Amino acid sequence: MEEEKDRLQMEAEQTIAEAKLSASQGKMLTVDQMIELQEELANVNSQLSHLALHVQCLEAEREKLEENVECLRSAHRTEAEAHKMRNLLTFRQFKDYYEEAKTANDHKYRELLNSCVQDCVFLSSKNSELEEEVLTLKKKMKS
């Protein structure tokens with residue numbers, strides 16, 4: 001765009017310089033040549049105005065796109081933060097569940113161990129009683 005603007009301005013300046021050179025050399029421009037120069041200058045000015053408007057439109061579009069990108073970036077940050085929070089919540093829930101299961105299993109196996117120890121004590125006691133009874137019966141049988 002900038003190149004096109006520079007080219008048009010250069011053409012206009014060249015045309016004006018040629019007209020001034022002709023005038024300085026004593027050459028007079030005809031009415032048709034003057035009209036042609038004025039039309040050419042008007043055309044160049046029109047093209048410059050058109051380019052300026054086009055540049056303004058492109059700048060406005062760029063600003064809008066930059067705003068859109070910023071909105072998307074903000075939405076992405078928000079979504080990423082929400083995703084992170086969901087992951088942390090899931091992890092905490094799993095950790096809590098694991099701790100509860102661990103505590104329940106620990107309690108269950110402690111009760112089972114206690115019950116086994118009590119059974120062992122009871123069976124040992126019962127075994128001792130039965131052994132005494134067997135000894136007593138053997139003594140009675142021998143006598």
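A disulfide is counted here as a pair of cysteine sulfur atoms within 2.5 Å. The legends below describe close-up views of a predicted model.

**Figure 1. The two cysteines C116 and C120 are not joined.** The sulfur of C120 lies 6.6 Å from the closest cysteine sulfur, that of C116, which is too far for a bond. With the cut-off at 2.5 Å, the number of disulfides comes to zero. C116 accordingly takes part in no disulfide, its nearest cysteine sulfur being that of C120. C116 is partly exposed, with 38% relative accessible area, while C120 counts as exposed at 52%.

**Figure 2. Overview of the fold.** The protein holds two helices and zero strands. Helix α2 covers residues 31-142. Of the 143 residues in the protein, 5% are buried. The exposed area is about 13000 Å², and carbon and sulfur atoms supply 58% of this area.

**Figure 3. A salt bridge between D106 and R110.** The side chains of D106 and R110 meet in a salt bridge, with 3.1 Å from N to O. Both residues belong to helix α2, where they are four residues apart, so about one helical turn separates them. D106 is partly exposed, with a relative accessible area of 40%. R110, at 57% relative accessibility, counts as exposed. Elsewhere, E70, R73 and R77 are joined into one network by salt bridges that share partners.

**Figure 4. The salt bridge between R77 and E70.** Side chains of opposite charge can pair when their charged atoms come close. For R77 and E70, the N to O distance in the salt bridge is 3.7 Å. R77 has a relative accessible area of 48% and is partly exposed. E70 is also partly exposed, with a value of 37%. The structure holds six salt bridges, and the R77 and E70 pair is one of them.

**Figure 5. The salt bridge between R86 and E79.** In this pair, the closest N and O atoms are 3.3 Å apart. The side chain of R86 provides the nitrogen and that of E79 the carboxyl oxygen. R86 is partly exposed, its relative accessible area being 42%. E79 counts as partly exposed as well, at 46% relative accessibility. Neither residue is buried, because buried means under 20% relative accessible area.

**Figure 6. A negative patch on the surface.** The residues D32, E36, E39 and E40 form a negative surface patch. Among them, E36 is placed in helix α2. Residues in such a patch have over 30% relative accessible area and no salt bridge, so D32, E36, E39 and E40 are free of salt bridges.

**Figure 7. A nonpolar patch on the surface.** L113, V117 and V121 form this patch, and together they have about 280 Å² of accessible area. V117 is found in helix α2. The relative accessible area of V117 is 44%, which makes V117 partly exposed.

Notes
Residues are numbered from 1 along each chain as its sequence is written. This is a predicted model: local features need pLDDT of at least 70, side-chain atom pairs count only at pLDDT 80 or more; totals for chains, interfaces and linings use all residues. Side-chain values use heavy atoms; hydrogens and water are left out. Patches are made of residues with over 30% relative accessible area and no salt bridge: like charges are joined within 9 Å, nonpolar side chains (Val, Leu, Ile, Met, Phe, Trp, Tyr) within 5 Å. Accessible areas come from the Shrake-Rupley method with a 1.4 Å probe; for residues, only the protein chains shown count as cover. A salt bridge is a side-chain nitrogen of Lys or Arg within 4 Å of a carboxyl oxygen of Asp or Glu. Lys and Arg count as positive and Asp and Glu as negative; His and the chain ends are not counted. The place of a charge is taken as NZ of Lys, CZ of Arg, CG of Asp or CD of Glu. Buried means under 20% relative accessible area, exposed over 50%, partly exposed in between (1.4 Å probe, protein chains only).
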